[in-house]
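Okay, hi everyone, thanks for letting me take this slot. I'll put the structure up and then walk you through a few spots that I think are nice to look at.

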Amino acid sequence: MALTFKGGLHPEENKITAASPIEVMPEPGTVAIAMSQHIGAPCIPIVKKGDYVYKGQKIGEGQSGLTCPVHASVSGTVSGIEDRVGAFGQKVTHVIIENDFKSELHPDIKPNETPIEEASFEDIVNTIKEAGIAGLGGATFPTHFKISSAKGKVDGLIINCCECEPYITANHRLMLEKASDIINGIKLVMKALDINKCDIGIEDNKKDAIKVMREHTENEYGINIKVLKTKYPQGDERQLIYAIDKVQIPAGKLPADVGRVVLNAETTASIWKAYKYGIPLVDRIITVTGNCVANPKNLIVPLGTSVTDIINHCGGFTSEVEKIISGGPMMGTAQWDENAPVIKGTASILCFAKKKKASIAETCIHCGKCVGSCPMHLMPIYLASFAKLGDWESCRDFDVMSCVECGCCTYQCPGNVPIVQYIRTAKGKLKK
């Protein structure tokens with residue numbers, strides 16, 4: 001029987017690209033590398049206009065605290081350092097690189113011949129840090145910090161292969177095509193944390209991936225496949241831990257506080273790539289799809305590539321586009337600039353055509369659907385009502401900070417109430 005959690009919903013999947021193999025997109029003529037592609041302090045550029053940079057060369061370094069370096073995704077010349085609006089609507093410093101199309105790797109990038117069994121904790125964590133690896137599921141938490149802070153606290157690793165948001169299939173294809181990269185990355189993390197248990201969570205709508213991953217793990221001690229019910233937001237780490245271990249994470253606590261570390265599938269594969277080949281995080285897999293993309297694809301794209309270049313590679317739009325979303329349709333961010341660049345947290349680019357909309361007034365009909373679908377067991381419509389009135393203390397009393405902003409409530413609402421937007425406003429006010 002498939003494992004699951006309480007609450008959630010099953011939106012229409014629309015996995016249009018599930019059968020589309022991963023393609024390598026040709027490098028663009030120009031990339032814009034954001035200095036903040038992770039949770040934590042932004043990086044400071046360590047190159048200047050006119051400098052030549054190699055592919056994989058570090059071009060942004062964090063000063064202190066929670067941070068993650070960034071690297072050039074192509075070789076070429078730095079043509080400028082500019083402040084631009086980033087993927088989340090805030091001004092971010094970008095290093096602009098004109099591609100020379102030589103793809104010259106930095107001379108310090110070399111394969112690592114040390115077997116996993118002989119790797120030390122320091123070697124593994126330092127490799128992850130210097131490679132600039134952050135959570136590729138969208139959260140972008142610096143991976144080296146997550147592993148370092150969990151050392152000695154955890155006895156189990158969970159790999160998130162759910163990919164529960166509609167449309168996105170990048171991790172699905174990764175499991176089918178590069179399962180060994182995921183497994184080797186798992187072994188490195190298990191070695192670093194000195195643990196012998198790992199559960200790989202895969203939703204039951206990916207039967208082909210379950211089969212492939214079982215074949216790759218049948219002789220691997222301590223690595224198990226856990227089949228999960230297809231339901232959103234199964235990929236949220238709190239719901240994932242509950243589904244697999246039936247353990248609730250207390251409010252304000254982290255997975256490490258209940259003995260677990262959760263990593264995304266592509267993050268894990270990137271750890272192996274960095275350790276084995278010395279390649280820092282300079283590209284990622286994204287799903288490009290929607291109802292107005294000529295040729296939906298799964299692509300390996302250099303970080304800093306613009307949405308425009310990616311859409312053109314996929315044949316352009318088949319009709320007038322109304323909305324471009326970076327990330328999934330439930331938790332992604334609508335983009336106002338088609339030249340916005342791909343960052344570490346960009347799992348997909350979704351494009352939707354204009355359509356006629358019925359004018360529905362925002363009215364709660366007290367149906368309770370938002371309460372029934374909330375995976376955090378909150379009362380979303382009360383939170384939205386308090387926020388609408390500016391009653392921030394009542395929002396706090398009703399535990400608004402525990403909301404994970406999954407969007408189940410807004411998706412279910414027949415009264416057209418933008419519940420998540422109200423909740424985000426309340427959280428922002430309380431944080432201030």
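Let's start with a question: how many bridges join strand β2 to strand β8, and do they run parallel or antiparallel? The answer is five bridges, and the two strands, residues 30-34 and residues 91-99, run antiparallel. If you want one pair to click on, take Ala 34, whose bridge partner in β8 is His 94. And please keep in mind throughout that this is a predicted model.

β8 has another partner too. Strand β7, residues 76-85, pairs with β8 in the antiparallel sense, over nine bridges. In that pairing, Asp 83 stands opposite Thr 93. β7 and β8 make a hairpin with five residues between the strands, and in this hairpin Gly 89 has a positive phi near 85°. For anyone new to sheets: strands pair through backbone hydrogen bonds, and they can do that parallel or antiparallel.

Now let me zoom out for a second. The chain has 13 helices and 17 strands. Its radius of gyration is 21 Å, close to the 22 Å that the globule rule gives for 432 residues, so the chain is as compact as a globular protein of that length. If you draw a box around the C-alpha atoms along the principal axes, you get roughly 65 × 50 × 45 Å. Of the 432 residues, 53% count as buried. And if you take the contacts with a separation of 6 or more, 72% of them are between residues 24 or more positions apart. As for the outside, the chain exposes about 19,100 Å², with carbon and sulfur atoms supplying 51% of that. On charges, there are 48 positive and 48 negative ones, and their mean positions are 5 Å apart.

Back to strands. There's an open sheet of three, in the order β3-β5-β6, with antiparallel pairing. β3 (44-45) and β6 (70-71) are at the edges with a single partner strand each, so one side of each has no neighbour in the sheet. β3 and β5 (residues 58-61) pair over two bridges, and Ile 44 has Glu 61 as its bridge partner in β5.

Next, my favourite strand, β14, which is residues 297-302. How many of its six residues are buried? Six of six, so to speak: the strand is mostly covered. Lys 297, Leu 299 and Val 301 point one way, Asn 298, Ile 300 and Pro 302 point the other way, and all are buried. β14 pairs with two strands that I want to show you. β1, residues 22-24, runs parallel to β14, with three bridges joining them, and Val 24 has Ile 300 as its bridge partner there. β13, residues 283-290, runs antiparallel to β14, with six bridges, and here Ile 286 is partnered with Leu 299. β13 and β14 form a hairpin with six residues between them.

Let's do a helix as well. In α6, the buried residues include Gln 239, Leu 240, Ile 241, Tyr 242, Ala 243 and Ile 244. What covers the buried residues of α6? Among the elements doing it are β9, β10 (198-203), β11 and β12 (260-264). Just after the helix, Lys 246 takes a positive phi of about 55°.

That brings me to backbone oddities. As a rule, most residues other than glycine have a negative phi, and most peptide bonds are trans. So where does this chain do something else? The peptide bond from Tyr 232 to Pro 233 is cis, with omega near 0°, and Pro 233 sits in the loop between β11 (223-228) and α6 (237-245).

Then look at the loop between β9 (156-160) and α3 (170-177), where you'll find Glu 163. Glu 163 has a positive phi, near 50°. Tyr 167 lies in the loop between β9 and α3 too, with a positive phi near 75°. Are they buried or exposed? Glu 163 counts as buried at 11% relative accessibility, and Tyr 167 is buried at 12%.

One last stop: Ser 326, in strand β15, residues 321-326. Ser 326 is buried, with a relative accessible area of 16%. Leaving out residues up to four places away in sequence, Ser 326 touches Gly 332, Thr 333, Gln 335, Thr 346 and Ser 348. That's my tour, thanks!

Methods. Residues numbered from 1 in each chain as written. Predicted model: local features only at pLDDT ≥ 70, side-chain atom pairs only at ≥ 80, totals over all residues. Heavy atoms only, no water. Helix = DSSP H or I, 4+ residues; strand = E, 2+ residues; numbered from the N terminus. Rg over C-alpha atoms; globule rule 2.2 N^0.38 Å. Buried < 20%, exposed > 50% of the residue type's maximum accessible area, 1.4 Å probe, protein only. Contact = heavy atoms within 4.5 Å. Areas by Shrake-Rupley, 256 points an atom, 1.4 Å probe, with all protein chains shown as cover. Lys, Arg positive; Asp, Glu negative; His and termini not counted. Charge placed at Lys NZ, Arg CZ, Asp CG, Glu CD. Pairing = 2+ DSSP bridges.
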